Every structure is written in structure tokens, then in C-alpha cells.
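Grab a pencil and work through a few exercises on the model below. Try each task on your own before you read its solution.

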Amino acid sequence: MHIVVCIKQVPDSAQIRVHPVTNTIMRQGVPTIINPYDLFALEEALRLRDTYGGEVTVLTMGPPMAEDALRKTLGYGADRAVLLTDRYFAGSDTLATSFALSQAIAKVGETFGTPDIVFTGKQTIDGDTAQVGPGIAKRLDLMQLTYVAKIPFVDLAAHEIKVERRCEGGTQMLKSRLPCLITMLEGTNEIRRGSLEDVLSAARSQVLKWSAADAGIDDLTRCGLRGSPTVVKRVFAPTARAEKAALIDTPERSLRDLADELIAAILARQPALEQELAFNGGE
């Protein structure tokens with residue numbers, strides 16, 4: 001089984017700075033880490049490889065310094081790492097990023113074998129959009145299984161996988177065909193510590209560096225700022241509300257009385273809401 005894991009090197013969220021003119025994240029001088037959600041995806045990929053056999057290829061798109069993040073994944077036990085780096089990728093939004101990564105995954109498939117599963121984290125801590133994983137799945141025509149918490153089994157002979165997916169109000173047990181793309185939730189497994197042998201091997205291993213041409217990307221207008229329709233107009237911290245929260249006394253009062261008072265207070269502040277509820281038949 002061949003598994004591809006997409007990771008991202010992100011700025012430490014505690015030290016993020018935003019460029020005052022371009023409204024993009026300033027990465028110079030800011031410590032970077034592997035996106036925490038991606039580590040759960042990597043651990044699940046390594047667990048499946050250990051159970052069913054095969055190889056794990058880790059892929060990231062970023063500046064040359066992203067090699068550090070890839071080398072860390074080799075220390076965890078990944079079999080190979082590919083860095084997609086080119087000045088044409090600078091300023092990519094989620095649309096351009098998913099395009100470039102999907103092209104690179106196709107190239108990885110041609111070079112090392114078609115992947116059975118592509119893993120990503122559920123989202124990144126810098127963009128927080130959760131769009132890149134589904135975008136890759138759409139471009140590669142893969143079944144997408146998002147917000148996965150557990151993978152009970154994989155049937156390689158039947159090309160099927162069964163997953164437990166978190167959803168609003170509960171969980172879903174889904175069976176899907178392979179190949180597929182999975183976005184993993186946080187806290188779904190315990191991230192391993194790489195063995196001493198893996199760490200020493202990672203220090204000696206070569207991280208493959210691919211340019212846009214190496215990845216087979218011919219249409220550069222779909223990469224970087226030129227391929228990114230998203231424009232960040234302004235970045236700002238929301239202003240604190242001047243109005244203080246209202247307190248309702250609770251001693252020796254029934255839950256029904258408290259609920260009635262709370263609803264009355266809400267409707268007093270939101271008269272339009274009361275009219276809307278009355279129009280829809282509410283009491």
C-alpha cells in the first residue's frame with residue numbers, strides 16, 4: 001500500500017505577524033512548526049503502513065526552509081519526503097495550493113506508485129479553512145472522507161476502507177472504495193516518538209526537491225498569486241463589546257422559571273427574532 005501524507009510547515013500561532021500592506025502572513029523571523037493536525041494524519045498513515053505494509057510519502061509545498069519539517073517526518077518513520085518549492089507558488093490561496101499539490105501527488109504516483117490513500121489534517125492553524133484536502137480530492141477525483149476519527153480496517157483485496165467520521169450530532173460509520181482522501185481529526189491517535197534509527201536515518205536521507213516543472217505543472221497561471229482569486233482585504237482584531245453580560249439570579253428558582261426569564265431577556269434585546277418566531281408559528 002502506498003500512502004501520501006500532505007503536511008504544511010506553519011508559523012507558530014503564538015508569534016504570527018501580518019504584513020501591513022499585503023495582509024499576508026509574515027514568515028521571516030517567526031518560528032515554524034509542523035501543522036499540529038497534520039501530525040495526526042501522519043501517525044495514522046504510519047499505523048496503517050505498519051499494519052498492512054507499504055510505504056509512506058510525505059509531501060509539502062513551501063519555501064526551502066520547509067525541508068526542516070519534512071526531515072522531522074522522516075524522523076517519525078516516513079519512507080520518503082518531497083518538497084514542492086518554486087517562486088511561482090508564492091502567495092497561493094487554497095485554490096492554487098490544492099491545484100499544485102494535486103499535480104505533485106499525480107507525479108508522486110507516476111514515480112513511486114499510485115497512492116491508495118492521501119492523508120491531510122482536518123485544517124491548518126494559519127489558514128483554518130479546511131479547504132485544501134477536499135480541493136485535492138476533487139481535482140484527483142478521489143472519494144473524500146473528512147473529519148475522520150478512526151479507521152477500523154482496510155481491505156486491500158477488495159479496495160475498500162471503513163472509517164468512523166465525526167459529524168454534527170454524532171458519528172458516522174462509512175465504507176468507501178480506494179483510492180480515497182482522508183482528513184484526520186485531532187486527538188485521534190497518540191503520535192509516536194521516532195526511533196533512534198529513524199532519527200539518524202532522517203539526518204542522512206535526501207529530501208526530494210521539486211520545482212513546478214519537476215511536478216509536471218505546465219499552467220503556471222493557476223499557481224501563486226496569479227492563480228489565487230482570494231484577496232485578503234483587511235486583517236484586524238475584533239473590538240471588545242462595551243456592553244456587559246447580564247446576570248440572572250438563580251437561588252431557589254425552578255429551571256422553567258429561569259428558562260422563561262432568559263427567553264424574555266433575549267427577545268427584549270432582539271425584537272426582530274420574536275417577530276420571526278411568531279411568523280414561523282413559534283410560541
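What follows is a set of exercises on salt bridges, a helix pair and a surface patch, each with a worked solution.

This is a predicted model, where local features need pLDDT of at least 70, side-chain atom pairs count only at pLDDT 80 or more, and totals for chains, interfaces and linings use all residues. Residues are numbered from 1 along each chain as its sequence is written, and side-chain values use heavy atoms, with hydrogens and water left out.

**Exercise 1. Find the salt bridge partner of K8 and work out which parts of the chain the pair ties together.**

Step 1: Place K8. It sits in the loop between strand 1 (2-6) and strand 2 (9-11); helices (H or I, at least four residues) and strands (E, at least two) are DSSP runs, numbered from the N terminus.

Step 2: Look for the partner. D126 forms a salt bridge with K8, with 2.9 Å between the closest N and O atoms; the term means a side-chain nitrogen of Lys or Arg within 4 Å of a carboxyl oxygen of Asp or Glu.

Step 3: Locate D126. This residue lies in the loop between strand 8 (117-121) and helix 4 (132-140), so the pair ties together parts that are 118 residues apart in sequence.

Step 4: Check accessibility. D126 counts as buried at 16% relative accessibility, while K8 is partly exposed at 27%. Here buried means under 20% relative accessible area, exposed over 50%, and partly exposed in between (1.4 Å probe, protein chains only).

**Exercise 2. How many salt bridges does the structure hold, and what do E44 and K209 pair with?**

Step 1: Start with the count: the structure holds 11 salt bridges.

Step 2: Take E44. Its partner is R47, with the closest N and O atoms 2.6 Å apart. Both lie in helix 1 (residues 36-52), three residues apart, about one turn of the helix. E44 is buried at 4% relative accessible area, whereas R47 is partly exposed at 31%.

Step 3: Now K209. It pairs with E67, the closest N and O atoms being 3.1 Å apart. This one links distant parts of the chain, since K209 is in strand 13 (residues 208-210) and E67 in helix 2, 142 residues apart. K209 is partly exposed at 44%, and E67 is buried at 19%.

Step 4: Look for a network. E43, R49, D50, D79 and R192 are linked by salt bridges into one.

**Exercise 3. Describe how helix 2 and helix 5 pack.**

Step 1: Get the geometry. The axes of helix 2 (residues 67-76) and helix 5 (residues 196-204) come within 7 Å and cross at roughly 145°. Axes are lines fitted to C-alpha atoms, for helices over the stretch in contact, and angles run from 0 to 180 degrees between N-to-C directions.

Step 2: List the contacts (heavy atoms within 4.5 Å). From helix 2, R71, L74, G75 and Y76 meet D198, V199, A202 and A203 of helix 5.

**Exercise 4. Which residues make the nonpolar surface patch, and which elements give two or more of them?**

Step 1: Pick out the members. I248, L262, I266, L273 and L277 make a patch of about 370 Å². Patch residues have over 30% relative accessible area and no salt bridge; like charges are joined within 9 Å, nonpolar side chains (Val, Leu, Ile, Met, Phe, Trp, Tyr) within 5 Å. Areas come from the Shrake-Rupley method with a 1.4 Å probe, and for residues only the protein chains shown count as cover.

Step 2: Assign the elements. Helix 6 (255-269) and helix 7 (271-279) each give two or more residues.

Step 3: Check one member. L277 lies in helix 7 and is partly exposed, at 38%.
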